[in-house]
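Visitor: I'm new to this one, so could you walk me through it?
Guide: Sure, let's take a look together.

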Amino acid sequence: MTEPKKRRHYSGKIVYIGDEIGERGREWFDVTVEPDGTRTLRAKCEIDGSTVHNTRLLRDVTLTLDANWLPQDAFVRISANDRFMGSSWFRFGNGFVECEGFTAGEGRFSQRVEVDSWPRSFGAHPVVCDIWHLAGWDWASPEKSQRWKTIMSSPLSSGASGPMIGKSGIHAEYLGKEKVTVKAGTFDTHHFVYPLTKTPGFTPEHCWYAGDDLLFVKIRWDTLKTTYELAEYREG
Amino acid sequence: MITTGQNRRRYSGKIVYIGDTTGERGREWFNITVEPDGTRTLRSQVEIDAAEINKTRVLREVTYTLDARYRPLDAFVRITVDDRFGGSSWFRFGEKEVECEGFTAGEGRISQKFPVSAWPKSFGPHPVVCDIWHLGGGWDWSNPATRQSWTAIMSSPLPNGASGPMIGHQKLEVDYHGEEKVTVKAGTFDCKHFSFVNSHRPGAAAEHMWYTGDTDIQFVKIRWDYSRTTYELVEIHDWADGKKV
């Protein structure tokens with residue numbers, strides 16, 4: 001007898017729309033949530049080109065988080081300008097992050113980085129993950145501006161290096177609730193902004209997400225002259 | 001408007017696993033990109049509800065890249081067994097060794113290096129798409145023999161792949177039966193018919209496989225009496241055997 005499926009499943013597509021060039025990238029995401037809250041994202045990102053990075057990119061990411069949105073393990077693979085750039089596996093624990101990888105630039109490498117505690121978020125560079133950093137937001141705190149440490153797979157805004165471990169920090173500000181309309185529909189969202197004041201020349205990155213799944217709805221980042229919008233969404 | 005277009009091909013589809021007595025008991029989504037140099041990446045998600053021979057539910061994630069000759073380059077395999085973490089492992093292939101770095105519920109953190117005498121011809125991370133892709137790197141069309149064999153690297157020795165993932169090796173014995181026209185839910189296809197002899201698995205029947213295409217080795221159907229299951233292609237999108245759609 002076929003046993004009933006217990007996991008939840010949702011998927012969608014995000015388009016990257018350049019102010020001057022129109023659609024310049026796209027991201028397909030597919031998420032399963034196990035009965036215990038374990039969440040796995042599969043994302044495929046294509047970047048055609050941009051006004052600040054003249055690199056075509058293909059990125060594959062599989063990222064698993066626990067019920068508290070803490071990263072468990074991840075795989076990141078990138079091709080740049082149709083050529084292999086890197087393939088890396090990450091594992092997270094209480095006080096450490098490790099990475100085993102092979103990149104066109106560095107060859108075979110093994111990293112183990114000690115950290116204060118279990119990393120609260122991981123930036124693997126799908127824009128879905130830009131929003132998922134916000135699972136680290138402490139809603140019990142009245143502070144509208146919060147900071148926490150994070151791990152990134154690349155320090156570049158396009159993610160076109162490594163992939164390997166980089167330590168970084170999140171600074172986020174909460175701007176309140178907003179109703180946002182994108183191609184996939186109209187959503188009641190939370191509006192956050194990353195001020196990004198540490199990097200000279202960077203403008204704030206605005207993010208809007210909906211619901212307890214932190215469903216990506218929209219990002220606007222003037223630095224890349226790009227709006228990222230949810231274009232398709234399906235449940236089940 | 002795309003100003004700097006992507007040069008790769010991409011196609012996708014879905015396969016269902018139909019048990020003789022249970023009906024649909026699993027499904028597999030595949031999404032494939034092929035770069036201009038022939039490098040091929042499969043993203044596969046597999047759900048097995050239950051099996052006739054393995055009483056486990058499985059969720060499997062595979063991202064697997066091969067070169068233009070269908071030789072394995074690197075792979076990620078993650079399995080969840082009965083809704084619990086089973087393992088997460090990364091594989092890399094070369095002409096002198098295969099390595100695996102992983103973490104599994106049973107074994108903890110693993111690091112494997114497995115010496116090989118030549119670049120492995122094929123890798124079995126257990127999506128049924130990959131059962132057929134063994135033939136891409138392994139079968140030698142310049143050889144007139146209709147039975148050929150080679151050693152493949154596997155991520156698990158179990159039929160449902162629900163262990164590890166870690167390096168194992170297995171000798172494949174394969175028979176070629178000729179060309180056949182096969183109809184499945186996704187359409188009617190001109191196929192090549194092969195079977196794995198499965199002499200390593202006592203009591204196991206041969207696994208029969210049908211694929212179409214010359215460039216893309218596209219899964220159409222598998223029938224395996226041992227698992228009392230027929231695996232059929234039910235959807236395929238944007239596929240034109242080596243041509244960009």
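Visitor: How many residues of chain A are in contact with chain B, and with how many residues of chain B?
Guide: Keep in mind that this is a predicted model. Contact here means C-beta atoms within 7 Å. On that basis, the count for chain A is 34 residues, and they meet chain B at 35 residues.

Visitor: Which strand supplies the largest share of the side of chain A that touches chain B?
Guide: Several strands of chain A each give at least two residues to that side, among them E3 (39–47), E4 (57–65) and E7 (96–103). Strand E2 (22–33) is also one of these. The largest share is 5 residues, and it comes from E2(A).

Visitor: How many residues of that side of chain A are charged?
Guide: The side of chain A that touches chain B has 7 nonpolar residues and 8 polar ones. The charged residues there number 19.

Visitor: Why is chain A as compact as a globular protein of its length?
Guide: Chain A has 1 helix and 15 strands. For its 236 residues the globule rule gives 18 Å. Chain A is as compact as a globular protein of that length because its radius of gyration is close to that value, at 17 Å.

Visitor: And what percentage of chain B is buried?
Guide: Chain B also comes to 1 helix and 15 strands, and its C-alpha atoms fill a box of roughly 45 × 45 × 45 Å along the principal axes. A residue is buried if 20 or more other C-beta atoms lie within 10 Å of its own. Of the 245 residues of chain B, the buried part is 47%.

Note on methods: Residues numbered from 1 in each chain as written. Chains lettered and ligands numbered in written order. Predicted model: local features only at pLDDT ≥ 70, side-chain atom pairs only at ≥ 80, totals over all residues. Contact = placed C-beta atoms within 7 Å. Helix = DSSP H or I, 4+ residues; strand = E, 2+ residues; numbered from the N terminus. Nonpolar A, V, L, I, M, F, W, Y, C, P; charged D, E, K, R; others polar. Buried ≥ 20, exposed ≤ 12 C-beta atoms within 10 Å, placed from the backbone. Rg over C-alpha atoms; globule rule 2.2 N^0.38 Å.
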